[in-house]
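Reader: I've got the model open and I'd like to go through the labels one by one. Can you show me the reasoning behind each?

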Amino acid sequence: MNDAVRGAINKQINHEFQAAYLYLAMSGHFEVENLGGFGKWMRMQAREELEHGMRLFDYMVRRGVEVTLATVAGPQTEFGSPIEIFRQALKHEKEVTELINSLYELASSEKDYPTQLELQWFIDEQVEEEASVGSVVEQLEMAGDNRAALLMLNEKLGSRVTTE
Ligand code: FEO
């Protein structure tokens, strides 16, 4: 693996762990605000991000490449309304999609075929990620100022049982 690809994957591992930290902070916020369903959903999302980071970590190790782990900065400590939080999460997912796409382009230009194959999973996954967060944003928009609808949605998201 050449240095450019190695550096970019190292950075992506950091982005995934950074995302886990962000979603974990969001989950803690929801939980103390008594919106445990949203909190549980975000907690599972955080776990999923850790799995994404680990997937790239394991890939590097399989290729016999040393991983350089960078500092994971603390996320924000102030959060807005549920819809603002989920809009932020959607914006974050779109940024991650751009990062994965750029990484794929780099792997292509460097003719790193195994990395391109590995990244195909992430390209599919980002379609899923944007769809699932986007669907919560749309449902929150439908709920508007209706507290009962918000609580029903909280209940529904709390039933999420897998990280998929
Ligand atoms: Fe790892 Fe939510 O993208």
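Reader: Why is Glu 31 called partly exposed?

Author: This is a predicted model, to start with. Glu 31 has a relative accessible area of 30%, and partly exposed covers what lies between under 20% (buried) and over 50% (exposed), so Glu 31 counts as partly exposed.

Reader: And what makes Glu 31 and Arg 43 a salt bridge?

Author: Their closest N and O atoms are 2.7 Å apart. The cut-off is within 4 Å, so the pair qualifies. Glu 31 sits in helix H1 and Arg 43 in helix H2, 12 residues apart.

Reader: How do you know that Glu 141 and Arg 87 form a salt bridge?

Author: The N to O distance is 3.1 Å, and the limit is 4 Å, so that one counts too. Glu 141 belongs to helix H4 and Arg 87 to helix H3, 54 residues apart.

Reader: Why does Lys 91 count as exposed?

Author: Lys 91 has 55% relative accessibility, and exposed means over 50%, so the label fits. Its salt-bridge partner Glu 95, at 3.4 Å N to O, has a relative accessible area of 40%, so Glu 95 is partly exposed. Both residues lie in helix H3, four residues apart, about one turn of the helix.

Reader: How many salt bridges does a search of the whole structure find?

Author: Six. Some share partners, joining Arg 55, Arg 62 and Glu 118 into one network.

Conventions:
Residues numbered from 1 in each chain as written. Predicted model: local features only at pLDDT ≥ 70, side-chain atom pairs only at ≥ 80, totals over all residues. Heavy atoms only, no water. Salt bridge = Lys/Arg side-chain N within 4 Å of Asp/Glu carboxyl O. Helix = DSSP H or I, 4+ residues; strand = E, 2+ residues; numbered from the N terminus. Buried < 20%, exposed > 50% of the residue type's maximum accessible area, 1.4 Å probe, protein only.
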